[in-house]
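Q: Please take a close look at a single part of this structure. Explain in plain terms how its strands pair and which salt bridges are found.

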Amino acid sequence: MRKLLLIAASAVFCLSLLTMASYSAKSRSSFTPDAFTAQNPELDFTIVNKTGYDIKALYIGATGTGDWTKDDEVLKGKAFKNGGSYDIKFSPRAKAAKWDIMVTWADGDGSEEWLGLKLTEIEKVTLIYDKEKDVTKAIIE
């Protein structure tokens with residue numbers, strides 16, 4: 001009788017191990033690196049100022065959030081000189097499909113905006129001013 005009980009307990013133990021191994025394998029497969037990346041894509045990029053003018057403020061915010069706020073301003077008083085570049089680093093909690101960028105000029109001559117940028121597909125934004133057309137462009141790479 002004792003031998004039969006020991007065999008039954010061993011069988012139950014083995015079945016529970018198989019069930020746990022199967023569940024564990026299924027759980028791991030749903031958290032592949034690609035799935036994790038899609039849920040929390042890297043938004044970091046570099047912005048380059050080749051406009052010929054210094055930038056006083058640089059705002060970055062999720063598309064459709066409304067007005068620009070102090071929280072959206074990333075320079076925090078630092079100078080962004082013509083010819084300079086600035087690495088933008090996002091919090092891992094930052095999530096949005098599209099982002100907007102706005103700059104204000106150090107000489108007080110207004111601002112420029114670029115809307116609906118997919119930062120997950122962008123590594124570099126270069127700002128260039130075309131004097132002939134009086135237009136500031138963003139070259140996206």
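A: What follows describes one strand, its partners and the salt bridges. This is a predicted model, in which local features need pLDDT of at least 70, side-chain atom pairs count only at pLDDT 80 or more, and totals for chains, interfaces and linings use all residues. Residues are numbered from 1 along each chain as its sequence is written, and side-chain values use heavy atoms, with hydrogens and water left out.

Strands are DSSP runs of E with at least two residues, numbered from the N terminus; two of them pair if DSSP finds at least two bridges between them. Strand 6 (residues 124-130) runs parallel to strand 1 (residues 45-50), and five bridges join them. Strand 6 is also joined to strand 7 (residues 135-140), by six bridges, and these two run antiparallel. Val 125 of strand 6 stands opposite Ile 47, and its bridge partner in strand 7 is Ile 140. Four residues lie between the strands in the hairpin of strand 6 and strand 7, where Asp 134 has a positive phi near 55°.

The structure holds two salt bridges, the term meaning a side-chain nitrogen of Lys or Arg within 4 Å of a carboxyl oxygen of Asp or Glu. In one, the side chains of Lys 137 and Asp 130 meet at 4.0 Å, N to O. Lys 137 has a relative accessible area of 38%, so it counts as partly exposed, between buried (under 20%) and exposed (over 50%), with a 1.4 Å probe and protein chains only. In the other, Lys 81 pairs with Asp 54, their closest N and O atoms being 3.5 Å apart. These two residues are 27 residues apart and link distant parts of the chain.
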